[in-house]
Amino acid sequence: MNTKVLFSASLLWFGLLIGCTPQAAVELDRSTDLSASNPADPAVEKTEVSPRGETPSKLTSRFPKSILSASTELDSVKDTPSIRAETVTEQGTLVMMSNGWEELGHLAVSSNYGREGDKTFQSDYSVIYRQGEENRVLLELPALMFARPDDEKLSFERVRFKDADVYVLTPQYKTGHGVEGYLFAVDQRSGEAFPLQIVSNGHVFHTLVYSEINPFPYVENDKLIVHPPVGAGGDPIGKIQYRLDLDKKRLVSE
């Protein structure tokens, strides 16, 4: 008799456990939804819940907030270098590489900066020029964050001048108006590679801002022709042309 009672109690207890399982899952989902970080917090946090019910682990951004942070969810991190852009030139290879710690995420909502689900990348990146065994850092891009439709490797887009090839790297593919490109020249006379400054109306800039709608910058009569972005409700500005000054390592508007 005691054995039957014990067996019946065991069956009852097992049935209660099974009956509670869906509700426990609902409560777990609720707790996960409520774990979103406060926008005022200095770091972006995301709680990941294992499908097998292990203890959740938090991913916390190491970087200051950027214009994309508010609409980004952090998915994972990499602690080894990743190549995010690469182009083989006639005399070497241009590479944009993360410096170890890289945060990977996605856009939770659509905006001028990308569509919902676009992948995001953030790290201290370096642009490197490789020639044989030599790696020379051309530019540091600390805490750079950008969104892309996928995780395919980017290219440095080439435009050709008489005495140099100029390569344009544009990590962020859209902003709603204009995008920013980092420019690098490879001097055909010396083989040297270096970043270019942009000089416009006496002001010096480190990126070239160009329209994401109109044609990509191109060379005509050995001048770089650029369609500048137009603000909301603004009138078209027309084309701007830049003269390449290799000795001073800059492009100068005319």
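**Reading a loop proline, two cores and a pocket**

Mentor: P229 sits in the loop that joins β16 (223-226) to β17 (240-245). Helices (H or I, at least four residues) and strands (E, at least two) are DSSP runs, numbered from the N terminus. This is a predicted model, in which local features need pLDDT of at least 70 and side-chain atom pairs count only at pLDDT 80 or more, while totals for chains, interfaces and linings use all residues. Residues are numbered from 1 along each chain as its sequence is written, and side-chain values use heavy atoms, with hydrogens and water left out.

Trainee: Is P229 buried, exposed or partly exposed?

Mentor: Buried means under 20% relative accessible area, exposed over 50%, and partly exposed in between (1.4 Å probe, protein chains only). P229 has a relative accessible area of 22%, so P229 is partly exposed.

Trainee: Which residues does P229 touch, leaving out those up to four places away in sequence?

Mentor: A contact means heavy atoms within 4.5 Å. On that basis P229 touches H177, G178, V209, Y210, S211 and I237. For V209, the C-alpha to C-alpha distance to P229 is 7.3 Å, with the two 20 residues apart in sequence.

Trainee: What does the secondary structure of the chain come to?

Mentor: One helix and 18 strands. Of the 254 residues in the chain, 38% are buried.

Trainee: Which residues touch the most other members of the largest nonpolar core?

Mentor: A nonpolar core is a set of buried Ala, Val, Leu, Ile, Met, Phe, Trp, Tyr and Cys residues joined through side-chain atoms within 4.5 Å. Here the largest has 20 residues, and M96, F156 and L169 touch the most other members. At least two residues of this core come from each of β5 (93-107), β6 (119-131), β7 (134-148), β9 (164-169) and β10 (178-187). A second, separate core has 19 residues, including V166, V179, I198 and L246.

Trainee: How is empty space found, and what is the volume of the second largest pocket?

Mentor: Rolling a probe the size of a water molecule over the atoms shows where empty space is left. On a 1 Å grid over the protein atoms alone, a pocket is an open set of points where a 1.4 Å probe fits, with protein on both sides within 12 Å along at least five of seven lines; lining residues have an atom within 4 Å of a point. Grid points are joined across faces, edges and corners, and a volume is the space filled by probe spheres set on the points. The second largest pocket has a volume of about 320 Å³.

Trainee: Which lining residues lie nearest its centre?

Mentor: I67, L144, M145, Q172 and E180, out of 17 lining residues. β7 and β10 are the elements giving two or more residues to this lining.
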